[in-house]
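Colleague: I have a chain open on my screen and would like to talk it through with you. Could you walk me around it?

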Amino acid sequence: MQRLLCTLSVLFLLGCADKNTQEDNYLDASFELCNTEVSLYSVSDDGKVRIICADDSKFALSSEETLEIMRDINVDYCSGEGLSKFNESRRYYTFRCKSGTQLSINKNP
């Protein structure tokens, strides 16, 4: 019985570790996207995410999964300095780094 309980506990913890919580995404947004504090982080009933940074940078995302893409863009194109603008269309990601560099990249290279 004790072995079964231990096995179930491990499986539960492994299952929970795979998905970011809203708190995890809030912290990611704060440190990796805003590069400052987050003033507002909200997820609406339809899954849309709104982020406002302390420096007044604003982001509206179709889902929390887009945060992963923004994180990669920040690292790959903005040297981790943060984003000041981000827009997702059907075919492109358009964004501006905090340095002022503005780029548009194809979603499906």
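Modeller: We can go from the overall fold to one sheet, and then to a few single residues. Please keep in mind that this is a predicted model.

Colleague: Fine by me. How many helices and strands are there in the protein?

Modeller: The protein has three helices and six strands, and if you read along the sequence they come in the pattern α-α-β-β-β-α-β-β-β.

Colleague: And what share of the residues is buried?

Modeller: Of the 109 residues in the protein, 28% are buried. The protein exposes about 7500 Å², and 53% of that area is supplied by carbon and sulfur atoms.

Colleague: What about contacts between residues far along the sequence, say at least 24 apart?

Modeller: If we take the contacts between residues at least 6 apart in sequence, 24% of them join residues that are at least 24 apart.

Colleague: Let's move to the sheet. What is the order of its three strands?

Modeller: The order is S4-S5-S6, in an open sheet with antiparallel pairing. Strand S4, residues 83-88, and strand S6, residues 102-106, each have a single partner strand and stand at the edges, so each has one side left without a neighbour in the sheet. From one strand to the next, the twist averages 15°.

Colleague: Which helix packs on the sheet, and which strands does it touch?

Modeller: That is helix H3, residues 66-78, which touches S4, S5 and S6, and the direction of H3 makes about 125° with that of S4.

Colleague: How many bridges join S4 to S5?

Modeller: Five bridges join S4 to strand S5, which covers residues 92-97, and the two run antiparallel. A hairpin through three residues links S4 to S5.

Colleague: Which residue of S5 is the bridge partner of Leu-83, and which one stands opposite Lys-85?

Modeller: Leu-83 has Cys-97 as its bridge partner in S5, while Lys-85 stands opposite Arg-96 of S5.

Colleague: Changing topic, what is the phi of Asp-56?

Modeller: Asp-56 has a phi of about 75°, a positive value although the residue is not a glycine. You will find Asp-56 in the loop between strand S2, residues 49-53, and strand S3, residues 58-61.

Colleague: Is Asp-56 buried or exposed?

Modeller: Asp-56 counts as exposed, because its relative accessibility is 55% and the cut-off for exposed is over 50%.

Colleague: And where does Ser-79 lie?

Modeller: Ser-79 is in the loop between H3 and S4. Its phi is near 55°, which is again a positive value in a residue other than glycine, and at 68% relative accessibility Ser-79 counts as exposed.

Colleague: One last residue, Ser-42. Which strand is it found in, and what does it touch?

Modeller: Ser-42 belongs to strand S1, residues 38-43. Leaving aside residues up to four places away in sequence, Ser-42 touches Lys-48, Val-49 and Arg-50. With a relative accessibility of 26%, Ser-42 counts as partly exposed.

Colleague: How far apart are the C-alpha atoms of Ser-42 and Tyr-26?

Modeller: Those two C-alpha atoms are separated by 8.9 Å, and Ser-42 and Tyr-26 are 16 residues apart along the chain.

Definitions and conventions:
Residues numbered from 1 in each chain as written. Predicted model: local features only at pLDDT ≥ 70, side-chain atom pairs only at ≥ 80, totals over all residues. Heavy atoms only, no water. Pairing = 2+ DSSP bridges. Helix = DSSP H or I, 4+ residues; strand = E, 2+ residues; numbered from the N terminus. Axes fitted to C-alpha atoms, helices over the stretch in contact; angles between N-to-C directions. Contact = heavy atoms within 4.5 Å. Buried < 20%, exposed > 50% of the residue type's maximum accessible area, 1.4 Å probe, protein only. Areas by Shrake-Rupley, 256 points an atom, 1.4 Å probe, with all protein chains shown as cover.
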